[in-house]
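Dear colleague,

I am handing over the structure we spoke about, and below it you will find my notes on what came out of the analysis. Please read them with the model open beside you.

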Amino acid sequence: MAAVTAIRQPSGTAVALRDPLPWPAFASAARAAEAMGYAGVFLPEIAGRDALAALTGLAGETSTLLLGTGVLPMASRGPMLTAMGAATVQERSGGRMILGLGTGPAVPGALDGLRELVTRLRVLLHGAPPQPNEVSTPLTLDLPAPIPIWISALGPRALRLAGEIADGVLLNWCPPERVRQATDLVAEGAASADRAPGAVTIAVYIRASLGGDEEAAMEALRRATGEYASYPAYARQFAAVGLGDEAAAAAAAHTARRPTDVPERLIRAITLVGDPGGARERLQAYREAGADLSVVYPVLAGTDPAASLDATLRALAP
């Protein structure tokens, strides 16, 4: 496996673009983020655009932004198609691709499947030695640089796996305290695989809604927070940092369709909202806790999504 430092170990502030804005507005947001000094753009793959196809398009719209999937569920396409799509982005962008992968639903054997996928992708993309009895040959494209492979992780086993096999780990919905815990677990995994403690880039998605009407921002964040608190894996993560009671209340509010009952303490612990100056201080707290790359994840509020996105980007611009 190529050393991560020989690939690319990004730092600073990046942005996630989730919402299905029309392509002109979507591409404009990526260009604006680049002009503002953001280090990269990450695309979750949910039910809108194909993330790899969209990144190929953004490769032609930008020149310096890192282009990451954040993340591709491992069951969404096979290893060959994943490798071909990532290689196409890497070729078109001149070496700016980050391939972020996740297990998708937490089912038995998911982490073993993710380990196997990462191993196969390294053979296909970088010509790493195949496993015994495996028939895989590298792609024929001559890539400008190896593609970093990151994985998303919530629980201790996934975080240790990231330390063992990944070039980066992407955390989600957590306060700075959780970043500190996660960094220690990633380091444990790295040590078990005889890797350097800092071999894995620590990145974290941070939901943010800034620069507009604060009540509209809180309304949007209440809905998003309640939804994620209702997922058992995230509820466990919140409990691990002393937010278990708040998460339970938020999950109950989501189930009852009463987002106004989502506790404000939980929202302010895990998102950036309110005064932009205070939000910047909070962003710094994530860095001090161990995050190499803070990924601002705008939660759009109000009646003008493009304006809400722009306001958040400007409020937190590097």
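Which backbone nitrogen does the side chain of Glu-45 reach? Before the answer, please keep in mind that this is a predicted model, and that the values given here are computed from it.

The side chain of Glu-45 reaches the backbone nitrogen of Ala-51, at 2.8 Å. Glu-45 itself is placed in the loop between strand E2 (40–43) and helix H3 (51–59), and with a relative accessibility of 15% it counts as buried, because buried means under 20% relative accessible area. A polar contact of 3.0 Å also joins the side chain of Glu-45 to that of Arg-77. If residues up to four places away in sequence are not counted, Glu-45 touches Asp-50, Ala-51, Val-71, Leu-72, Pro-73, Ser-76 and Arg-77.

Two of these residues, Asp-50 and Arg-77, appear again in the charged interactions, since Glu-45, Asp-50 and Arg-77 are linked in a network of salt bridges. Within it, the side chains of Arg-77 and Asp-50 meet in a salt bridge of 3.2 Å, N to O. Arg-77 lies in the loop between strand E4 (72–73) and H4, whereas Asp-50 lies in the loop between E2 and H3, so this pair ties together parts that are 27 residues apart in sequence. As to their surroundings, Arg-77 is buried, with a relative accessible area of 15%, while Asp-50 is partly exposed, with a relative accessible area of 37%.

The structure as a whole holds 13 salt bridges, and two others deserve a note here. One of them is formed by the side chains of Glu-61 and Arg-31, which meet at 2.6 Å, N to O. That pair links distant parts of the chain, with Glu-61 in the loop between H3 and strand E3 (66–69) and Arg-31 in helix H2 (residues 23–36), 30 residues apart. Glu-61 counts as partly exposed, at 30% relative accessibility, and Arg-31 counts as partly exposed as well, at 37%.

The other salt bridge is between Arg-122 and Asp-167, whose closest N and O atoms are 3.4 Å apart. Arg-122 lies in helix H5 (residues 110–126) and Asp-167 in the loop between helix H6 (156–165) and strand E7 (168–171), so the pair ties together parts that are 45 residues apart in sequence. Here Arg-122 is buried, with a relative accessible area of 7%, and Asp-167 counts as buried too, at 0% relative accessibility.

Turning to the strands, E1 (residues 12–16) is joined to E2 by two bridges, and these strands run parallel. The bridge partner of Val-15 in E2 is Val-41. In E2, Gly-40 and Phe-42 point one way and Val-41 and Leu-43 the other way, yet all of them are buried.

Ala-16, which lies in strand E1, is buried, with a relative accessible area of 1%. Leaving aside its neighbours within four places in sequence, Ala-16 is in contact with Phe-42, Tyr-205, Val-295, Val-296, Tyr-297 and Pro-298. The C-alpha atom of Ala-16 is separated by 17 Å from that of Ala-279, a residue 263 places away along the chain.

Val-296 and Pro-298 come up once more in the surroundings of Thr-312, a residue found in helix H13 (residues 305–315) and buried, with a relative accessible area of 0%. With neighbours within four places in sequence again left aside, Thr-312 is in contact with Tyr-38, Ala-208, Ser-209, Leu-210, Val-296 and Pro-298.

Finally, a word on the surface: which residues make a nonpolar surface patch of about 290 Å²? The patch is made by Met-80, Leu-81 and Met-84. Met-80 has its place in helix H4 (residues 79–93), and it is partly exposed, with a relative accessible area of 39%.

With best regards

Methods
Residues are numbered from 1 along each chain as its sequence is written. This is a predicted model: local features need pLDDT of at least 70, side-chain atom pairs count only at pLDDT 80 or more; totals for chains, interfaces and linings use all residues. Side-chain values use heavy atoms; hydrogens and water are left out. Patches are made of residues with over 30% relative accessible area and no salt bridge: like charges are joined within 9 Å, nonpolar side chains (Val, Leu, Ile, Met, Phe, Trp, Tyr) within 5 Å. Accessible areas come from the Shrake-Rupley method with a 1.4 Å probe; for residues, only the protein chains shown count as cover. A salt bridge is a side-chain nitrogen of Lys or Arg within 4 Å of a carboxyl oxygen of Asp or Glu. Helices (H or I, at least four residues) and strands (E, at least two) are DSSP runs, numbered from the N terminus. Buried means under 20% relative accessible area, exposed over 50%, partly exposed in between (1.4 Å probe, protein chains only). A polar contact is a pair of N or O atoms within 3.5 Å; within protein, one must be able to donate a hydrogen and the other to accept it, and residues adjacent in sequence count only if both atoms are side-chain atoms. Contact means heavy atoms within 4.5 Å. Two strands pair if DSSP finds at least two bridges between them.
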